[in-house]
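Notebook open, coffee poured. I want to look up a few things about nonpolar residues here.

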Amino acid sequence: MVKKELNQLVSRMKGIQHAFNEVLENDRDMALMNLTKIKQNPDYYFERNQVVWEGDHEEIELLLENYVQSVDGTYSQAQLLSHEIDSAMDLLYVRLDTARNQLLRVDLMVSSITSVAAVGALVAAIFGMNLRSGVEDTPEWFWTVAGILIFGCAFSVALMFLYIKYKGWLIT
């Protein structure tokens, strides 16, 4: 919203600069802007004396040039502010992209861990079925299978992260 209003201001400043430059190019118009002299001597400004009074515009020209310089300064400041807003918006977009990349990295890690844990849960579910195989009577089998599952899951997650990093999918 601020950027839109600033662009409108810059556009208006260009119009004002153009109008001032048009007036500064026309000596006759500047001479007729001297209302004090016109009021003091109205007969002097008839068409028959035009050559004489057209050269009488120095004071108005100085005044208009002062205004032109003021408008130019304001125009430059508005353009500088516009560039600063653009830079701030670019910086904000970079920060938002960085935050989005971090969220995607976390999502990738959680999805990988979930996938590996699902495989471990599948093996545990198969061994936890109420089927008789004789393995359930041996107490050492529980700790052996649990250890293999935990080590296998940890190893699979580490291997998956190494592969992801090798492929360049995980930016750190």
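First, a definition: patches are made of residues with over 30% relative accessible area and no salt bridge, with like charges joined within 9 Å and nonpolar side chains (Val, Leu, Ile, Met, Phe, Trp, Tyr) within 5 Å. A salt bridge is a side-chain nitrogen of Lys or Arg within 4 Å of a carboxyl oxygen of Asp or Glu. Accessible areas come from the Shrake-Rupley method with a 1.4 Å probe, and for residues only the protein chains shown count as cover.

Ground rules: this is a predicted model, where local features need pLDDT of at least 70, side-chain atom pairs count only at pLDDT 80 or more, and totals for chains, interfaces and linings use all residues. Residues are numbered from 1 along each chain as its sequence is written, and side-chain values use heavy atoms, leaving out hydrogens and water.

Entry 1, the patch. I found that M89, L92, Y93 and L96 make a nonpolar surface patch of about 380 Å². I placed L96 in helix 5 (helices are DSSP runs of H or I, at least four residues, numbered from the N terminus).

Entry 2. Is L96 buried or exposed? Neither: L96 is partly exposed because its relative accessible area is 48% (buried is under 20%, exposed over 50%, partly exposed in between; 1.4 Å probe, protein chains only).

Entry 3. A118 sits in helix 5 too, and I noted it as partly exposed because its relative accessibility is 46%. From A118 to C153 I got 9.4 Å, C-alpha to C-alpha, with their positions 35 residues apart in sequence.

Entry 4. L64 touches F20, V23, L24, M30 and M33, leaving out residues up to four places away in sequence (contact means heavy atoms within 4.5 Å).

How values were computed: Helix = DSSP H or I, 4+ residues; strand = E, 2+ residues; numbered from the N terminus.
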